[in-house]
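Dear colleague,

I am passing a structure on to you, and my notes follow below it. Please have it open while you read.

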Amino acid sequence: MNVKKTVLLLLSLYCISFSARGNENDLLIEAESFENTGAWVIDQQFAFEMGSPYLLAHGLGKPVANAKTTAHFAEIGNYHVWARTKNWAAGDWTAPGRFRLVVDGETLETELGTLEDWAWQYAGVVDIKTENVEIELNDLTGFEGRCDAVFFSKENVSPPNEAKKLSEWRSNTGVPKTIVSRSFDFVVVGGGLAGCAAAIAAAEQGLQVALVHDRPTLGGNASAEVRVHTLGVYGDFERIIRLIDTEHYPNGSSQAKTDEEKRMTNIAAYSNIHLFLNYQAFNAVSESEIISYVDARHTSSGEQIRFVAPLFADC
């Protein structure tokens, strides 16, 4: 291809990309990227189905503290606002997970979380008076309110909701994410007991190990998040397993927190175990039936890392 054709091709691709982004003043805020999540928690249970983690108001019936972030607008003026949310008990209850948006201190009247299944719910029109504005999620019930994203636009046109179109729209509307490559001797995906044990065993053989886990702490079902005790035959691996296991307490016991701290401390003692918490693997590429790399995305920032290695373990 000659230089002229190459330039024309690049210009056409640039124009397609630019036009796909829509209005340059549009602003998409992924809820999981809020600077202060308050007492809302990040949940990535349906990340693959819906294209993103989301914030969950898990208050056991008591409204949780507001999630807050600062939004940066390119232009002041009136904006239409939507929140992508879900009434998780549609047909059974009257929207148990309701919440409201608070924009620059003003609480919008619309109660969100009342539409069946994941959808963009219109919240109203706001007058943006400054470039930097605080956005809050105000939980009303404490019963699992869910917010995937908030979208501001000068135009009254709802974002797409169909999975494929939404994925393309998100990538074109949000902040572009680059992927950074990191190389290791051994990459372990999954930080439950199997993953932790594999990482320790490899580290003791002198390998540089990446331990990639999609939660904020290690242990899987044995973590303080789930609190299921471990039980089984230790065999030849008792020394390693004792570094990461739990006591035989009743499931749900607060003792899981102590065991979790032990597990994290013992993993951190290995300087050649490189821990990547809150990174969710979403892609694996192989050549001639041998894995070349695994891609993972941070559940809140969206940062992506490509893990390259000759050896991998799916745990």
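Which residue in β13 is the bridge partner of V189? It is V212. The chain crosses from β12 to β13 through helix α4 (residues 193-203), and this β-α-β crossover is right-handed; right-handed here means that, with the strands pointing away from the viewer, the path from the first strand over the helix to the second runs clockwise.

Before the rest, some notes on conventions. This is a predicted model, in which local features need pLDDT of at least 70 and side-chain atom pairs count only at pLDDT 80 or more, while totals for chains, interfaces and linings use all residues. Residues are numbered from 1 along each chain as its sequence is written, and side-chain values use heavy atoms, with hydrogens and water left out. Helices (H or I, at least four residues) and strands (E, at least two) are DSSP runs, numbered from the N terminus. Two strands pair if DSSP finds at least two bridges between them.

The chain as a whole

The protein chain has 6 helices and 18 strands. Its C-alpha trace spans about 65 × 65 × 35 Å along the principal axes. Of its 315 residues, 44% count as buried (buried is under 20% relative accessible area, exposed over 50%, partly exposed in between, with a 1.4 Å probe and protein chains only). Of the contacts with a separation of 6 or more, 68% are between residues 24 or more positions apart; contact means heavy atoms within 4.5 Å. The accessible surface is about 16,500 Å², and carbon and sulfur atoms hold 53% of that (Shrake-Rupley method with a 1.4 Å probe; for residues, only the protein chains shown count as cover).

Strand β13 and its partners

Strand β13 covers residues 209-213, and 5 of its 5 residues are buried, so the strand is largely enclosed by the rest of the structure. In a regular strand the side chains alternate between the two faces of the sheet. In β13 both faces are covered: V209, L211 and H213 are buried on one side, A210 and V212 on the other. β13 pairs with strand β12 (residues 186-189) in the parallel sense over 4 bridges. It is also joined by 5 bridges to strand β14 (residues 273-277), again in parallel. There, L211 of β13 stands opposite L275 in β14.

β16, β17 and the loop between them

Strand β16 (residues 290-298) contains S292. Beyond its neighbours within four places in sequence, S292 is in contact with V285, S286, E287, F307, V308, A309 and F312. The C-alpha atoms of S292 and W82 are 40 Å apart, with their positions 210 residues apart along the chain.

β16 and β17 run antiparallel and are joined by 5 bridges, with V308 in β17 as the bridge partner of Y293. Their hairpin has 5 residues between the strands, and G302 takes a positive phi near 80 degrees in it. T299 also lies in the loop between β16 and β17 (304-308). Is T299 buried or exposed? T299 is buried, with a relative accessible area of 4%. Outside its neighbours within four places in sequence, T299 is in contact with E32, I42, Q44, P53, D214, N278 and Q280.

β17 is joined by 5 bridges to strand β11 (residues 179-183) as well, and these two run parallel. In that pairing S181 stands opposite R306 in β17.

Regards
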